[in-house]
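Subject: Structure handover

Hello,

Please find the structure below, followed by notes on what was found in it. The notes go element by element, so keep the view open while reading.

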Amino acid sequence: MKKNVSNIKKAIKYLNNNECIAIPTETVYGLAGNAYSDKAVSRVYKLKKRPKSNPLIAHYYSINYLKKDCEINDTFIKLYKKFCPGPISFVLKLKKKSRVSKIITNNSNSLAVRFPSHPLTRKLLKRINYPLAAPSANISTSISPVSKQDVVDEFGPKLKFVLDGGSSKIGLESTIINLIGKPHILRLGGINSKLIYKLINPLENKNKKKIKIKVPGTSKLHYSPGIPVRLNAKKNYQNEAYILIKKRKKLDKNYFYISKTSNLKEAAKNLYKTLRIIKKNGYKKIAIEKIPNINIGEAINDRILRASKKMKNLIEVKNIKKNYGKKEAVKGISFNVEEDEILGLLGPNGSGKTTTIGMLLGLLKPTSGQIFINNLKLEENRIKILEMINFISPYIELPKKLTVKQNLYVYSKLYKVQNIKERIEYLSEKLRIGELLNSITGELSSGQKNRVSLAKALVNEPKVLLLDEPTASLDPEVGDFVRTFLEEYKKEKKISILLASHNMNEVTRLCKSVLMMKNGEIIDQGKPEDLITKHGRTNLEEVFLKLSRSKSEFN
Amino acid sequence: MSLTRIYGLFLRHFYLITRSFPRILDLVYWPSIQITLWGFISNFFATHTTYYNNAVGVILTCAILYDFLFRTSIGFNMLFLEEIWSRNFTNLFIAPMRIGEILTSLVITALIRSLIGLVPAILLTSPLFGISILDLGIFLFFLFLSLYIFGITLGILVSSGLLRFGPSFENIAWSTMFLLAPFGCIYYPIETLPEIFQRIAYILPLVYIFEEARNILINQTVNIENVYYAFIWNAFYFSLSIALFYYSFNAAKNKGTLINMGE
């Protein structure tokens with residue numbers, strides 16, 4: 001009890017200083033900041049890496065606090081009395097005099113509000129004189145956290161304080177109902193939709209129009225474990241994690257129960273926790289048993305459906321060939337690179353890697369075959385595609401006599417970047433080149449030039465990045481910095497990267513899967529660990545050597 | 001066509017020129033030396049030949065016109081070569097720039113480069129030799145325009161060669177103007193050439209431009225036909241150069257020159 005009081009005091013101190021903290025709720029843990037402070041809510045967005053176009057839910061202690069900020073109506077009062085505090089959020093009209101930060105409403109005149117029931121958070125809300133903007137405490141689009149440990153795993157030391165309130169009772173986010181215009185449910189969640197519609201007489205609202213509003217947590221790719229999810233699965237395949245809702249006689253090490261008795265409330269509570277465990281255990285595929293679509297099962301299915309949304313292929317290469325006269329440089333290769341994936345392109349010198357990259361960049365015309373980038377055919381949409389891709393290689397450089405800033409400015413213009421100043425500032429900070437901006441590019445060290453080239457390659461916020469030996473000739477420290485940066489940037493922006501490298505440790509670290517090329521053909525492909533196992537070697541370098549030295553049928 | 005991208009590429013070369021005093025000096029130095037030299041030669045001819053008796057500034061004016069042509073053509077090639085030398089060529093061609101945007105930007109930049117060299121040279125002629133190129137009147141504009149188009153045309157033709165054959169074509173870039181100079185009849189009337197050379201000269205716009213410059217200065221008359229033929233031939237060669245550039249770009253994409261440029 002004493003510990004709780006001291007933790008609440010600590011939490012208030014952080015919040016009053018416009019810091020963000022994690023708070024427990026009955027649904028999931030929230031990343032909270034003072035909803036009246038632009039500074040605090042900006043920190044929430046930044047830490048969560050959430051697009052600012054996506055608004056946040058403001059958490060209030062009671063209706064009396066809410067009245068200062070929102071216009072309330074009879075429907076709201078009915079629902080409030082029945083379900084609050086609890087797992088339901090309302091979209092209401094914002095009062096003109098409201099002090100709520102415009103950032104969390106995305107400058108609109110509506111606000112999503114909620115009254116959480118978790119006792120600790122209620123005590124906290126009662127003792128502060130502002131609402132808390134609190135989206136789920138996870139990196140945008142990943143799985144919501146349901147315990148303190150989940151939050152710590154997600155943010156690590158970047159988050160200064162987590163108010164520990166045990167495991168979340170419900171385990172799924174709140175139901176969101178829009179009360180502007182005709183009431184309608186925007187997101188299924190902790191409260192069953194039937195209970196809500198039972199309470200609201202739809203006839204009293206029949207003349208009102210349904211108004212479309214951008215609300216939190218409704219994007220198609222939300223709650224994603226980042227692993228393909230197969231729905232309504234009757235059985236699991238080899239190495240596939242299988243989520244079950246009732247106990248099976250035959251035990252399998254890949255079974256994960258969210259309930260052993262078909263208890264949907266229990267299943268909801270355990271869903272996110274189970275997805276996190278599966279991800280931690282390194283599974284690459286998930287199958288889920290059919291969940292009954294009743295009561296909170298509706299919300300479970302909604303989340304599973306979103307989690308299962310397939311990542312799209314940003315690069316699709318279909319049977320491309322490249323001949324130079326009689327010489328076949330690339331002999332009809334096909335591969336895809338998914339959104340948010342790094343694919344390694346490996347092979348000895350002369351295997352066709354550079355030719356392949358050249359064709360993807362539109363610098364080389366394939367003799368036959370097709371290339372699609374973001375579903376656009378390269379041959380017919382060269383300019384549109386070049387606007388969304390970029391490339392770095394140690395073999396090409398930026399104009400040496402120009403300053404770094406001039407180079408970035410010129411390329412920003414060539415890529416028609418909006419807000420050039422902000423973009424250059426952002427990249428300078430991320431790539432630590434702020435102090436180099438006024439230096440002559442040709443006078444920089446290899447490591448500095450590499451970071452500047454990377455900044456140029458990211459100036460247009462590419463969806464697809466092609467990297468040819470991005471860390472060649474760099475010292476280990478700078479090489480590690482570049483790799484870490486690429487990992488984080490890919491995670492943040494969900495871009496696709498095709499990485500040609502001879503550094504096998506780099507490939508093992510960064511790539512989800514690799515293609516092995518030799519003599520213009522793909523001679524093997526798969527996840528690095530699978531290739532190591534398949535070829536009976538201890539690391540990827542040995543696999544590379546085995547394949548490149550073998551006198552295979554391809555020679 | 002995007003003006004932003006055209007401006008972006010222009011800026012790349014503008015920064016390059018303004019950052020380097022030797023580059024500016026190089027642009028100004030040669031035209032001024034050239035004009036000074038031809039100024040003294042024309043002074044000498046004016047006092048020793050009857051042909052130039054009535055127009056002291058004919059050789060000097062033609063030298064200025066030729067230098068403008070030379071600077072425009074070389075200037076265009078230099079811009080292209082600059083990308084190869086700085087190993088920036090691939091970056092440029094993977095940027096979302098249309099060929100038309102690249103060419104437009106280089107055409108504008110080449111004009112500015114040429115004017116940086118030409119204006120001081122023109123200004124020198126008056127105090128040093130008492131000659132003003134403005135004596136050509138309104139037709140000066142048409143002659144300059146015609147030379148500028150032909151200079152750009154030669155630049156685009158050479159750049160097509162660079163695209164198609166790679167940096168090994170660089171030497172040709174420097175010699176094109178010298179190859180055409182004898183047929184241009186820059187300092188002498190076309191009749192001076194053997195008949196077979198005259199036939200070649202007549203299918204180039206240069207001969208009409210320089211003949212007309214001499215005609216205006218010596219005879220004080222205007223033969224509009226010369227201006228007209230110069231533009232007709234310019235239009236032909238300019239269209240040919242653009243077509244060749246596109247052809248070379250596609251050929252380079254087939255051959256792989258774009259990806260190996262600078263190596």
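In what order do the four strands of the open sheet in chain A stand, and is the pairing parallel or antiparallel? The order is β15-β14-β17-β18, and the strands pair in the antiparallel sense. β15 (327–338) and β18 (376–377) of chain A each have a single partner strand, so they stand at the edges with one side left without a neighbour in the sheet. At the β18 edge, strand β17 (residues 368–373) of chain A is joined to β18(A) by two bridges, again antiparallel. Ile373(A) has Leu376(A) in β18(A) as its bridge partner.

Please bear in mind that this is a predicted model. The predictor assigns the complex an ipTM of 0.82 and a pTM of 0.62. For chain B the mean pLDDT is 82, and 95% of the residues score at least 70. Within chain B, α10(B) has the highest mean pLDDT of the elements, 90, and helix α11 (residues 257–260) of chain B the lowest, 74. Where pLDDT is low, the coordinates should not be read in detail.

Chain A overall

Chain A has 19 helices and 23 strands. Of its 555 residues, 46% are buried. Taking contacts in chain A between residues at least 6 apart in sequence, 69% join residues at least 24 apart.

Strand β22(A) and its partners

Strand β22 (residues 513–518) of chain A has five of its six residues buried, so it is mostly covered. It has parallel pairing with strand β16 (residues 342–346) of chain A, through four bridges. One of the residues involved is Leu343(A), whose bridge partner in β22(A) is Ser513(A). β22(A) is also joined to strand β23 (residues 521–526) of chain A, here by five bridges and in the antiparallel sense. In that pairing, Val514(A) has Gly526(A) in β23(A) as its bridge partner. β22(A) and β23(A) form a hairpin with two residues between the strands, and Asn519(A) in this hairpin has a positive phi near 50°.

Ile286(A)

Another strand residue to look at is Ile286(A), in strand β13 (residues 286–288) of chain A. Is Ile286(A) buried or exposed? It counts as buried because it has 26 C-beta neighbours inside 10 Å, where 20 or more are needed. Ile286(A) and Tyr237(A) are 49 residues apart in sequence, yet their C-alpha atoms are 9.3 Å apart in space.

Where the chains touch

How many residues does each chain bring to the contact? Chain A brings 25 residues and chain B brings 28 residues. On the side of chain A that touches chain B, α11 (353–360), α12 (382–388) and α13 (404–414) of chain A each supply at least two residues. α13(A) gives the largest share of that side, five residues. By type, the residues of this side of chain A are 15 nonpolar, three polar and seven charged.

Nonpolar cores

The largest nonpolar core has 142 residues, and the members that touch the most others are Leu466(A), Leu499(A) and Leu65(B). α3(B) provides the largest share of this core, 17 residues. Beyond its neighbours within four places in sequence, Leu466(A) is in contact with Ile357(A), Leu360(A), Leu361(A), Ile389(A), Phe391(A) and Leu498(A). A second core, separate from this one, has 82 residues, including Ala133(A), Leu188(A), Ala241(A) and Leu264(A).

Helix α9(B)

The last element is helix α9 (residues 205–219) of chain B. Its 15 residues should span 21 Å at 1.5 Å a residue, and its end C-alpha atoms are 21 Å apart, so the two values agree. Eleven of the 15 residues in α9(B) are buried, and the helix is mostly covered. Among the buried residues are Pro205(B), Leu206(B), Tyr208(B) and Phe210(B), together with Glu212(B) and Arg214(B). What covers the buried residues of α9(B)? The covering elements include α3 (58–85), α6 (139–165), α7 (170–184), α8 (195–202) and α10 (224–255) of chain B. After α9(B) comes Gln220(B), which has a positive phi near 60°.

Regards

Technical notes:
Residues are numbered from 1 along each chain as its sequence is written. Chains are lettered from A and ligands numbered from 1 in the order in which they are written. This is a predicted model: local features need pLDDT of at least 70, side-chain atom pairs count only at pLDDT 80 or more; totals for chains, interfaces and linings use all residues. The expected span of a helix is 1.5 Å times one less than its number of residues. A residue is buried if 20 or more other C-beta atoms lie within 10 Å of its own, exposed if 12 or fewer, and partly exposed in between; C-beta atoms are placed from the backbone. Two residues are in contact if their C-beta atoms, placed from the backbone, lie within 7 Å. Ala, Val, Leu, Ile, Met, Phe, Trp, Tyr, Cys and Pro count as nonpolar, Asp, Glu, Lys and Arg as charged, and the others, Gly among them, as polar. A nonpolar core is a set of buried Ala, Val, Leu, Ile, Met, Phe, Trp, Tyr and Cys residues joined through C-beta atoms within 7 Å. Two strands pair if DSSP finds at least two bridges between them. pLDDT is the predictor's confidence in each residue, from 0 to 100.
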